[in-house]
Amino acid sequence: MNAEIEAISVDEENGQVAPYVFVLFGATGDLAKRKLYPALYNLWLGGLMPSAFKIIGTARRQMNDETFRAHVRESIESFSRRELDESRWKSFVDQFHYVVVNAGNPEDYRDLHDKVNELEQQENLPGNRMFYLAMAPDFFGTVALNIKGGGLTDTPGWKRLIIEKPFGTDFDSAQKLNGQLRQVFEEEEIYRIDHYLGKEMVQNIEVIRFANSMFEPVWNNRSIANVQITSSETVGVEERAGYYDHSGALRDMIQNHMLQMVMMVAMEPPSRLKTEAIRDEKVKVLRSLRRYTEDEVQHQVVRGQYIAGSLGNEALPAYRDEHGVAKGSMTETFIAARLFVDNFRWSGVPFYVRTGKRLARKSTEIVIQFREMPKHLYFNRNGELGPNLLVIRVNPVEGMYVQLNVKRPGTEGGVLPVAMEFCHSEDDMPEAYERLLYDASRGDSTFFTRWDEVSLAWKFVDPLANAFRDNSLPLHEYKAGSFGPEASHQLLRDDGFRWWPVYGEETMSVEEVLEHTVGQPIVQR
């Protein structure tokens with residue numbers, strides 16, 4: 001980031017974010033309603049918005065400022081983690097304005113430019129502008145070019161562009177899109193958002209690793225047997241069938257969220273805790289990630305699609321019977337894969353990832369399984385001693401636990417596992433979009449993805465996508481409400497491992513998970 005941009009990102013005198021205008025494209029969409037307006041409101045309540053700011057919503061729908069503000073109020077009442085404060089509400093919502101913009105019509109951007117200039121002059125704002133594209137990715141390039149054509153980038157302050165995934169559909173389309181964006185914005189001005197990077201426990205991974213001397217010395221292939229990363233959903237495609245049937249689990253989850261968590265676990269200690277140093281280490285992981293040819297994919301990847309099943313007492317339809325899904329669709333709704341990071345630290349350690357829809361539990365977890373004690377010695381004479389685990393729970397319950405082996409109380413001897421748990425969840429915890437919007441307003445891009453991350457991720461994923469398209473590996477069926485196809489369990493059994501059960505807020509406790517796994521009661525500390 002250049003010195004001029006950094007100098008005006010934060011008011012050095014009081015530490016507050018510098019005033020800016022926030023222009024939201026797609027202001028009437030679901031993302032804005034469910035995530036962005038609540039995030040902005042909670043930042044404002046927390047004193048993390050600048051002393052002066054303006055928010056301009058844009059979309060094709062005809063409405064005026066008052067109608068738009070009523071729309072924002074409905075969003076806050078329905079989705080904010082904090083209740084609407086009537087005594088302060090008017091001060092917040094008066095900052096919202098609306099301009100009708102058809103994404104493909106250059107004339108509308110001139111009207112938007114006039115509105116931005118008018119508000120900046122009225123409030124004596126310094127010309128800092130943040131553009132958020134909460135819309136279909138097909139419009140990203142067009143909107144960026146029209147922002148420039150409408151004069152919106154001609155400003156004395158900083159300018160930043162935030163865009164949602166997916167960033168392209170393969171390497172070629174991503175490269176083309178990046179070229180369009182770079183005609184308007186510099187790389188350091190582009191914030192590619194991945195909301196997983198805003199989650200508390202994902203950001204906590206680097207603290208767990210680099211602030212605890214007990215972990216860093218054993219964070220390598222000499223001590224770790226495997227890493228398991230699970231992101232499971234109980235929901236189906238819902239209203240996203242039009243998008244999902246073309247993307248599938250590979251593009252929707254693996255290319256971004258899952259690989260981001262792999263990078264956070266596997267990265268080397270950065271030279272300093274600065275944005276580019278951290279991102280440099282993440283990129284090195286992707287460069288070391290073993291790429292598979294189309295012929296190798298079938299031995300390392302399992303794909304599946306859910307058929308009719310049930311969860312609890314609810315009957316669930318098959319994927320092909322979901323509204324908006326093409327008949328006979330071969331789109332995968334589940335993926336399990338064995339990955340390898342071929343560097344000195346991780347050589348030989350499998351990273352198992354799995355993600356899917358209509359699974360038994362909603363949960364995102366990272367399990368670090370340490371190497372087992374030698375069999376037939378000391379307390380492991382029968383080979384039944386369980387391994388030590390570090391489990392990082394990302395969602396829906398945030399926290400972590402460590403599984404240790406201790407002496408069973410009493411005189412009969414024996415060993416049993418103990419779960420030492422730390423729960424990070426609180427009712428009033430900031431959500432991912434709050435953290436990421438705040439970071440972007442400060443010019444901190446640490447937890448946003450850089451272009452080289454995106455390009456390397458696509459270079460890894462493209463051969464998998466080609467194998468899927470050519471049906472080079474079977475599409476396994478699994479019942480909705482199960483935990484995926486049998487082939488995903490065989491993938492680990494082939495290496496002498498098994499998936500560790502996950503738990504969510506609606507299912508097992510830590511003790512129940514471990515008891516289910518090792519077959520004996522668990523003591524919790």
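This is a chat about charged and aromatic side-chain contacts in a predicted model.

Biologist: Let's start with charges. How many salt bridges are there?
Modeller: The count comes to 35 salt bridges. Keep in mind that this is a predicted model.

Biologist: Okay, pick one. Which residue does Asp30 form a salt bridge with?
Modeller: Asp30 pairs with Arg34, and their closest N and O atoms are 3.0 Å apart.

Biologist: Where do those two lie?
Modeller: Both are in helix α2, which covers residues 30-45. Asp30 and Arg34 are four residues apart there, about one turn of the helix.

Biologist: And is Asp30 buried, exposed or partly exposed?
Modeller: Asp30 is partly exposed, because its relative accessible area is 42% and partly exposed runs from 20% to 50%. Arg34 is partly exposed too, at 41%.

Biologist: Got another one inside a helix?
Modeller: Sure, try Glu107 and Arg110, which form a salt bridge with the closest N and O atoms 2.7 Å apart. Glu107 and Arg110 are three residues apart in helix α5 (residues 106-123), so about one helical turn separates them.

Biologist: How accessible are Glu107 and Arg110?
Modeller: Glu107 has 48% relative accessibility and counts as partly exposed. Arg110 is partly exposed as well, with 39%.

Biologist: What about Arg73, which side chain does it meet in a salt bridge?
Modeller: The side chain of Glu86, at 2.3 Å from N to O. This pair links distant parts of the chain: Arg73 sits in helix α3 (residues 65-79) and Glu86 in helix α4 (residues 86-93), 13 residues apart.

Biologist: Are Arg73 and Glu86 buried or exposed?
Modeller: Arg73 is partly exposed, with a relative accessible area of 24%. Glu86 counts as exposed because its relative accessibility is 51% and the exposed class is anything over 50%.

Biologist: Which residues are linked in a network of salt bridges?
Modeller: One such network links Glu276, Arg279, Asp280, Arg450 and Asp452.

Biologist: New topic, rings! How many aromatic pairs are there?
Modeller: The count is 26 aromatic pairs. Take Tyr20 and Trp158: their ring centres are 5.8 Å apart and their planes are at 40°, so the pair is tilted.

Biologist: Where in the chain are Tyr20 and Trp158?
Modeller: In distant parts of it, 138 residues apart. Tyr20 is in strand β1 (residues 20-25), while Trp158 is in the loop between α6 (140-149) and β5 (159-163).

Biologist: Buried or exposed, those two?
Modeller: Tyr20 is buried at 3% relative accessibility, and Trp158 is buried at 1%.

Biologist: Any other tilted pair?
Modeller: Tyr292 and Phe460 make one, at 6.2 Å centre to centre with 55° between the planes. They link distant parts of the chain as well, 168 residues apart: Tyr292 is in the loop between α10 (275-288) and α11 (294-300), and Phe460 is in helix α13 (residues 451-469). Tyr292 counts as buried at 3%, and Phe460 counts as buried at 2%.

Biologist: Which residues do ring pairs link into a cluster?
Modeller: Tyr37, Tyr41, Trp44, Phe68, Trp89, Phe92, Phe96 and Tyr98.

Biologist: Last one. What lies over the face of Trp158?
Modeller: Arg160 does, at 3.7 Å from the ring centre. There is also Arg192, whose charged end sits over the ring of Phe167, 4.9 Å from its centre.

Note on methods
Residues are numbered from 1 along each chain as its sequence is written. This is a predicted model: local features need pLDDT of at least 70, side-chain atom pairs count only at pLDDT 80 or more; totals for chains, interfaces and linings use all residues. Side-chain values use heavy atoms; hydrogens and water are left out. A salt bridge is a side-chain nitrogen of Lys or Arg within 4 Å of a carboxyl oxygen of Asp or Glu. Buried means under 20% relative accessible area, exposed over 50%, partly exposed in between (1.4 Å probe, protein chains only). Rings of Phe, Tyr and Trp (its six-membered ring) pair if their centres lie within 6.5 Å; planes under 30 degrees apart count as stacked, over 60 as edge-to-face and the rest as tilted. A charge sits over a ring if NZ of Lys or CZ of Arg is within 6 Å of the ring centre and within 35 degrees of the ring normal.
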